[in-house]
Amino acid sequence: MKFSDGSEGSFESGTSLSKILQQKNSSLSGRALAAKVDGQLVDLNHALGQDATVTFVTFEDEEGRDVFWHSCAHVMAHAVKELFPSAKLGIGPAIASGFYYDFDVADPFSPQDLEAIEARIAKIIKANLPLIREVISKEDAASIFRGLGETYKLELLSELEDEQVSVYSQNGFRDLCRGPHVPSTGRLGHVKLLGAAGAYWRGDERNPVLQRIYGIAYPRKSDLERHLKRLEEAKKRDHRRLGRQLDLFSFHPEAPGFPFWHPKGLILYDQIVAYWKKVHRREGYQLVNTPLMLCDELWRCSGHWDNYREAMYCTEIDGIGYAIKPMNCPGGLLIYKSSPHSYRDLPLKMGELGLVHRHEKHGVLHGLFRVRQFTQDDAHIFCLPEQAQDQVIEVIDLSLEIYKTFGFREVHVELSTRPRKSIGSDEMWARAEETLRSALSRKEISFELNPGAGAFYGPKIDFHIEDSLSRRWQCGTIQLDFSMPERFDLDYMGSDGEKHRPVMIHRAILGSLERFIGIIIEHYGGDFPLWLAPVQAKVIPISRDHVDYGAQITSLLEGQGLRIEIDKRDEKMGYKIRDAETLKVPYMLVVGEKEASARTASLRLRHKGDIGALSLDDVILRLKEEISNKT
RNA sequence: GCCUCCGUAGCUCAACGGCAGAGCAACUGAUUUGUAAUCAGUAGGUUGGGGGUUCAAGUCCCUCCGGGGGCUCCA
């Protein structure tokens, strides 16, 4: 045997991995949850028959966590079956953070039920039952699950192609499962159930609704507690809550899914737009704006009528059908077509902060994250085929720069390739995928491959940014589009005097401005950097006598373009400070007798406290510098 | 859209089928404050809308509206 730590050893054929661990007496023996034998993930009970390379996986590895959580799901199913014997099992996988299991039960689980299930899980873990793997024929498995009345398992079974399937059991509980699992339930540590909700069997709304229970678990209690604390923290940062608290935006029954921007929220919005326009102009983009409504005929031409009609708002003008745009591209194409183009004009980079409307289903609306009206930071790049790769690289660079400005340094990249339902020739797809792939490799950016997840008209690169709570958000996208130039018969005059079809790159960096603002509200927890903060500083006069001086400072700083307010209320200073802190104002300028006579202001930093008196010039300098640094 | 839970004052939340309440915010007055809540008072409600059961409904039932959680990360 060769081990991943570099050591080697010889063992009798048929020795189980857990035995080997014991004999090796390594620090892993208590921590290993499963093992990879020649790259294949197996149980520790797996017996080795021949020479192999072995890597033990622990909770520290992603694969180990998956095994751990998967086993938790399995144990949860065991607990549910004990408490609710009539429950039928769906599926129970490990997910990015924890696990779930779906059950078909007569009544949804109540919070009390979850408590009872959680207690039963703890009992099963404490009993330290071994998980036993059996490999049996599909027919035998079918008769077992038929006997148990597990109709969903039978359905899964009927779709499996292997002749042999694996079944795991502990103490009478049996489940069809690919595995691997931890060797015994005692390894599972501390489990917390997080909630229950309905979920369609296999995610299809024509199927019955099962009851899904979500859970999380860690080997160590302290880690579980830290995780729960982080969930609490995320709750506190919920942009819907902060949106109200900081008076940024609101939603109303009169227009569900359509955000109302309040003055302070609009400042955020406008700051982002100003920054976005500045960097795009610098990069040679020309900014355009196209109509909200376009006639049906255009949508038929663009293909939206066939592919996107469900989500479009339609109306009629002078007897002619119109639809509100769900995407900006057709408008951009019309501008391109409005004049002839030479190869010398390309690449043509046309940016549009376009307001789009999509009729999202009622049930999927979610604060600013999922709305029916939003602004895309869109752009369409028309270029020669040989320019496409450089253009993609430029967009990658710009995207990363913009993310960094908002403090997103961790960016995960995905490359999505040709889906089953798609248009265009094999050769076109191969070339386009290669363009994106080599752009990424030229930038030395590692990416995850997402086969078959491209748009029907072309492959794409997606950017997922990671926020301060390590959550990932898909924002940016770069798509190569073969369909639109064709459908709209775009052309340019080549150096050969012939007309050619340009390549179109469709891209967004922030995605939806509304959603992006929701993301940064949670990312910053409402503590916006100075350049974004709706109110950058609050002047706090200590008493009535200092209001005049405070007002002078306020208008002085206002004159310098700073967003500043004064709190003139007859309240104690502590009260006004608390108020400003609660509203997350970055700077407080406290002014009293001393400051008025010395023409200074005492500077107080949000969450940090007093840093002493500064001259007004120094205050202005400091704030302006911080604003221009965008820190 | 579907499943499920929820909707009480501007906000956060109480009230066994039996008189709709508290804190904060707002407003009025007093106080003039030195780095995270001064005191007192006033006002604020068709309990999301509509219908029903009941002697009696915030509470139970139906329905509509809105919101929360979720609806393949596949044995």
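Which residues form a negative surface patch? I start with that question today, and the answer is that E139, D140, E161, D162 and E163 form the patch together. Please keep in mind throughout that what we are looking at is a predicted model. To take one member of the patch, E161 sits in the loop between α5, which covers 151-159, and β9, which covers 164-170, and E161 counts as exposed because its relative accessibility is 75%, where exposed means over 50%.

Let me step back to the whole chain before going on with single residues. Chain A has 631 residues, and buried residues make up 50% of them. Its secondary structure comes to 19 helices and 32 strands, and its C-alpha atoms fill a box of roughly 85 × 75 × 55 Å when the box is taken along the principal axes. To give you a feeling for distances inside that box, consider Q22 and G559, which are 537 residues apart in sequence and, from C-alpha to C-alpha, 75 Å apart in space. Q22 belongs to helix α1, residues 17-24, and with a relative accessible area of 58% Q22 is exposed.

Now I turn to salt bridges. Side chains of opposite charge can pair when their charged atoms come close, and this structure holds 40 salt bridges. I will go through a few of them slowly.

In one of these pairs R220 is joined to D223, with the closest N and O atoms 3.3 Å apart. Are the two partners buried or exposed? R220 is exposed, at a relative accessible area of 51%, whereas D223 is buried, at 14%.

Another pair is R471 with D467, where the closest N and O atoms are 3.0 Å apart. Here R471 is partly exposed, with a relative accessible area of 23%, and D467 counts as buried because its relative accessibility is 5%, where buried means under 20%.

A further pair is R604 with E581, again a salt bridge, with 3.0 Å between the closest N and O atoms. R604 lies in strand β31 and E581 lies in helix α17, residues 573-582, so this pair ties together parts that are 23 residues apart in sequence. As for their surroundings, R604 is partly exposed, with a relative accessible area of 22%, while E581 counts as buried at 15% relative accessibility. Salt bridges can also share partners, and in this way E155, E159 and R202 are joined into one network.

I would ask you to remember R202, since we will meet this residue again in a moment, but first let us stay with strand β31. This strand covers residues 600-605 and also contains S602, which counts as buried at 11% relative accessibility. What joins the side chains of S602 and E595? It is a polar contact of 2.7 Å.

A comparable case to look at on your screen is T405, which is found in helix α12, residues 388-405, and which is buried, with a relative accessible area of 18%. The side chain of T405 makes a polar contact of 2.6 Å with the side chain of Y275, and the side chain of T405 also reaches the backbone oxygen of E401, at 3.0 Å.

Finally, a word about the backbone. Most residues other than glycine have a negative phi, and most peptide bonds are trans. Where, then, are peptide bonds cis in this model? One cis peptide bond joins G179 and P180, with omega about -10°, and P180 lies in the loop between β10, residues 173-176, and β11, residues 190-200. Another runs from L346 to P347, with omega near 0°, and the place of P347 is in the loop between α11, residues 329-337, and β19, residues 348-357.

Turning to phi, N171 is a residue other than glycine, yet its phi is positive, near 50°. N171 is found in the loop between β9 and β10, and at 60% relative accessibility N171 counts as exposed. And here R202 returns, because R202 has a positive phi of about 60° although it is not a glycine, sits in the loop between β11 and β12, residues 209-218, and counts as partly exposed at 43% relative accessibility.

Definitions and conventions
Residues numbered from 1 in each chain as written. Chains lettered and ligands numbered in written order. Predicted model: local features only at pLDDT ≥ 70, side-chain atom pairs only at ≥ 80, totals over all residues. Heavy atoms only, no water. Patch = residues over 30% accessible without salt bridge, like charges linked within 9 Å, V, L, I, M, F, W, Y side chains within 5 Å. Areas by Shrake-Rupley, 256 points an atom, 1.4 Å probe, with all protein chains shown as cover. Salt bridge = Lys/Arg side-chain N within 4 Å of Asp/Glu carboxyl O. Lys, Arg positive; Asp, Glu negative; His and termini not counted. Charge placed at Lys NZ, Arg CZ, Asp CG, Glu CD. Helix = DSSP H or I, 4+ residues; strand = E, 2+ residues; numbered from the N terminus. Buried < 20%, exposed > 50% of the residue type's maximum accessible area, 1.4 Å probe, protein only. Polar contact = N/O pair within 3.5 Å; in protein donor to acceptor, adjacent residues only side chain to side chain.
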